[in-house]
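Biologist: Could you take a close look at one part of this model for me, and then work outwards from there to whatever surrounds it? I would enjoy one connected account rather than a list.

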Amino acid sequence: MGLKLKALTKSPWVFHVSAGSCNNCDIEILDCLCPRFDIERFGALLVGSVRHADALLVTGAMNRKSAMRVKKLYDQAPKPCLVLAIGTCACDQGIFRGSYALTTPLDELLPGAVTAYVPGCPPKPEAIISGLVKALQTLQDK
Amino acid sequence: MSEKLVHDLTARLGAMIRELSVKNERRVYVEVAPDDLRQAVRVIFEEMGARYATATGMQVQDGFEVLHHFVFDSQRVVVSLRVSTESEEPEFDSITPLITGAEFIEREMRDLLGIQFKGHPNPKRLILSDDWPDDVYPLRRGRPWEGKVRKQV
Amino acid sequence: MTTIVPIGPFHPLLEEPELFRLHVDGETVVDIEVEIGWNHRGIEKICETKTFDQVPFVVERICGICSACHPTAYVQAVEDLADIEVPERALYIRSVITELERLHSHLLWLGLAGHFLGYNTVFMWAWKYREPVLDICEELTGNRNNYAMLKVGGVRRDLDESLFPSVLERMDDLDKHLNMLVGAVTDDPVLHARLKGVGILTPEAARAYGALGPTVRASGIPIDVRRDHPYAAYDLVDWDVISVDSCDVYGRAVVRLLECLESVKIIRRCLDQMRPGEIDSGVKEIPPGEGIGHAEAPRGETFHYVRSDGTNRPIRHKARAPTYMNLPTCRATTVGESITDATIILASVDPCYSCTERMGVYDASTGQKALDGKQLIKLSQEKTRQLREEMGE
């Protein structure tokens with residue numbers, strides 16, 4: 001593992017994208033940053049620009065209006081970029097599947113890019129942290 | 001609770017009322033002709049001081065219907081003002097010039113049901129995505145978008 | 001020269017992603033446009049394909065943080081349609097769940113408002129005290145959010161009475177912390193300077209826009225569905241509607257904080273007064289007809305309309321969330337204010353405090369990015385810091 005990659009696994013900066021979610025997953029992600037769950041102990045930091053991000057936390061069922069933005073955001077992110085599908089909606093569109101307002105699911109929108117799926121409605125903060133840690137482990141094997 | 005209000009409504013709306021039904025003491029439905037809509041809304045909102053809650057548009061057996069819901073908080077009653085049309089290209093008077101808060105819901109009904117509102121100050125698309133075809137209205141009966149809307153990727 | 005500042009549409013906490021376009025002249029906001037639809041999922045159409053018993057699970061997911069209020073409004077609409085009586089214990093349970101939700105929602109808002117003003121301690125503390133509430137939700141219902149408790153004619157599961165003593169104990173704790181937070185906000189001269197007289201929403205404007213919840217209660221119009229159209233157990237317990245008439249951001253913050261204390265009161269009394277009994281009236285069929293239900297969510301009234309043709313699915317289900325009415329009031333509140341205050345004003349109706357981190361200032365003439373979201377929050381935080389220095393803190 002190169003030095004850059006090693007540094008990445010020690011301080012993954014995350015960027016959060018909500019694409020047609022009910023905002024429950026989004027709140028749980030923010031909860032991870034707060035004193036009780038404190039994801040910063042893994043070096044993770046929520047950043048305001050995707051160009052600083054090492055990992056994208058994607059929530060939501062891919063609404064037609066926002067899905068294209070998710071693709072653009074992923075294209076702008078520096079690679080390697082981990083993509084985590086947070087919540088059942090991001091994994092398989094959940095209860096909203098088949099709605100006219102939705103488009104391609106996340107893993108078809110970004111083929112091969114999704115590193116980890118964290119199912120749950122909403123997933124508990126512990127599950128999100130575990131998902132992030134497992135996603136980082138995939139880098140360590142490289 | 002609603003008796004006094006119903007009495008008041010009947011007195012003020014008078015001949016405009018096509019049908020008035022009291023479902024229970026907290027819910028009243030009034031139907032008026034589309035031409036009388038603005039006048040009726042003015043009476044309920046401005047003279048009687050109701051709060052505008054929202055509107056429900058829908059496609060019914062023959063034509064379209066719009067229900068404007070007004071809430072009387074002190075009397076504990078919700079009054080729904082119904083207008084309907086049998087036309088395949090529904091159009092009603094916009095009430096946004098009277099009630100600012102109606103702007104979004106009228107634009108939404110235009111997007112989802114294809115109901116036009118005469119005199120709306122800002123008739124732009126509200127919630128559908130920009131690549132959605134103009135003549136497909138998702139809340140109409142069945143699945144009208146099938147075969148007409150492409151997947152994005 | 002007018003500069004356009006787009007705010008949104010994406011950010012971590014989006015409740016309903018929106019795009020605001022602020023037209024600014026120098027530092028003053030001269031116009032604002034709102035664009036929504038980034039989160040449209042076609043829920044009304046999905047509901048037409050579900051049975052009456054399945055719909056609560058869908059409407060729960062309209063908004064994660066109103067996940068008890070939307071189903072409450074929906075089941076009340078169906079109960080209104082079919083004239084269904086709900087057992088008393090179920091009414092108490094509905095009240096407990098919706099009040100727990102109001103508590104954690106208001107604490108969440110308080111934390112974020114603190115963050116935007118540069119008080120990160122408030123952010124961390126409010127979220128810390130929010131955790132016990134989520135724990136209680138998890139113990140009582142099985143999930144931190146999306147409780148799946150509501151059902152037409154009653155509730156889906158009973159509350160375990162053996163948990164009540166520990167819940168009450170934590171409510172006492174929370175009461176202490178809330179009083180501390182109320183004191184911290186109302187005694188702070190810097191917060192007064194930042195929030196008082198900012199983002200004025202006059203009672204006339206509030207009525208024209210149909211504003212709801214804490215937004216309108218801070219403008220001196222004391223409407224609250226819980227009292228005006230009693231549902232669940234709100235007419236069986238004693239509590240007060242909080243309203244102030246300052247019409248500004250400060251008023252909205254105070255209303256939310258004091259409402260938390262009322263929620264604690266309601267939960268305590270409900271748990272006290274609750275007696276064992278039936279929790280479900282066993283509804284079998286829904287007749288044709290139409291029904292309306294509304295409930296007071298943390299942000300205001302949620303309004304549902306259901307029509308049935310006698311089959312097991314609704315033929316039309318309309319849901320209206322409170323932010324739908326509150327959001328357009330930004331046209332009345334932000335115009336004329338300084339851009340450093342725009343963040344907190346937009347946050348004060350509790351729609352999407354969140355968009356701000358994805359906010360950028362673009363120079364209209366060159367289209368070049370002049371400021372990004374972080375810098376805008378910094379601007380706001382900087383203003384607080386300067387004020388503190390000036391006031392000799």
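Modeller: Happy to. Val225(C) belongs to helix α10 of chain C, which covers residues 225-228; please keep in mind that this is a predicted model. Around Val225(C) there are 23 other C-beta atoms within 10 Å, so this residue is buried, the cut-off being 20 or more. Leaving aside residues up to four places away in sequence, Val225(C) touches His294(C), Ala295(C), Glu296(C) and Glu301(C). For a sense of scale, take Ile136(C): Val225(C) and Ile136(C) are 89 residues apart along the chain, and their C-alpha atoms are separated by 25 Å.

Following the chain from α10, we come to a backbone detail. Ala232(C) sits in the loop between α10 and α11 of chain C, and its phi is near 40°, a positive value in a residue other than glycine. Most residues other than glycine have a negative phi. Ala232(C) has 25 C-beta neighbours inside 10 Å and therefore counts as buried.

On the other side of that loop is helix α11 of chain C, residues 249-273, which packs with helix α4 of chain C, residues 88-116. Their axes are 9 Å apart and make an angle of about 155°. With an angle over 145° counting as roughly antiparallel, α4(C) and α11(C) are therefore roughly antiparallel to each other. Their crossing is left-handed. The residues that α4(C) brings to this contact include Tyr92(C), Val96(C), Leu100(C), Leu103(C), Leu107(C) and Trp109(C), while among those from α11(C) are Ala253(C), Leu257(C), Cys260(C), Ile266(C), Ile267(C) and Leu271(C). By class, the contact has 15 nonpolar, four polar and four charged residues.

Helix α4(C) also has a part in something wider. The largest nonpolar core has 211 residues, and the largest share of this core, 15 residues, comes from α4(C). The residues with the most contacts inside the core lie in other chains: Ala55(A), Leu56(A), Val58(A), Leu84(A), Ile86(A) and Val79(B). Val79(B), for one, touches Val28(B), Val30(B), Ile44(B), Ala50(B), Phe70(B) and Phe72(B), again without counting residues up to four places away in sequence. As background, nonpolar side chains tend to be buried together in soluble globular proteins.

Stepping back to chain C as a whole, there are 15 helices and ten strands. Of its 393 residues, 59% count as buried. Among contacts in chain C with a separation of 6 or more, 70% are between residues 24 or more positions apart.

Chain C also meets chain A, with 33 residues of chain C in contact with 32 residues of chain A. On the chain C side, α1 (43-48), α2 (55-59), α5 (120-141) and α15 (373-390) each supply at least two residues. The largest share, four residues, comes from α5(C). That side has 15 nonpolar, eight polar and ten charged residues.

Chain A touches chain B as well, in a contact that takes nine residues from chain A and six residues from chain B. Helix α3(A) gives the most to the chain A side, with four residues, and that side has four nonpolar, two polar and three charged residues. The buried residues of α3(A) are Arg64(A), Lys65(A), Ser66(A), Ala67(A), Val70(A), Leu73(A) and Tyr74(A). What covers them includes β1 (13-18), β3 (55-59), β4 (82-86) and α5 of chain A.

Pro80(A) lies in the loop between α3 and β4 of chain A, and the peptide bond to it from Lys79(A) is cis, with omega near 5°. Another cis peptide bond joins Cys121(A) and Pro122(A), where omega is about -10°; Pro122(A) is placed in the loop between β5 (114-118) and α6 of chain A. Like Ala232(C), with its positive phi, Gln93(A) has a positive phi, about 70°, although it is not a glycine. Gln93(A) is in the loop between α4 (88-92) and α5 of chain A, and it counts as buried because it has 21 C-beta neighbours inside 10 Å.

Terms used: Residues are numbered from 1 along each chain as its sequence is written. Chains are lettered from A and ligands numbered from 1 in the order in which they are written. This is a predicted model: local features need pLDDT of at least 70, side-chain atom pairs count only at pLDDT 80 or more; totals for chains, interfaces and linings use all residues. Axes are lines fitted to C-alpha atoms, for helices over the stretch in contact, and angles run from 0 to 180 degrees between N-to-C directions. Angles under 35 degrees count as roughly parallel, over 145 as roughly antiparallel, 65 to 115 as roughly perpendicular and the rest as oblique. A crossing is left-handed if the near helix is turned anticlockwise from the far one by less than a right angle, and right-handed if clockwise. Two residues are in contact if their C-beta atoms, placed from the backbone, lie within 7 Å. Ala, Val, Leu, Ile, Met, Phe, Trp, Tyr, Cys and Pro count as nonpolar, Asp, Glu, Lys and Arg as charged, and the others, Gly among them, as polar. A nonpolar core is a set of buried Ala, Val, Leu, Ile, Met, Phe, Trp, Tyr and Cys residues joined through C-beta atoms within 7 Å. A residue is buried if 20 or more other C-beta atoms lie within 10 Å of its own, exposed if 12 or fewer, and partly exposed in between; C-beta atoms are placed from the backbone.
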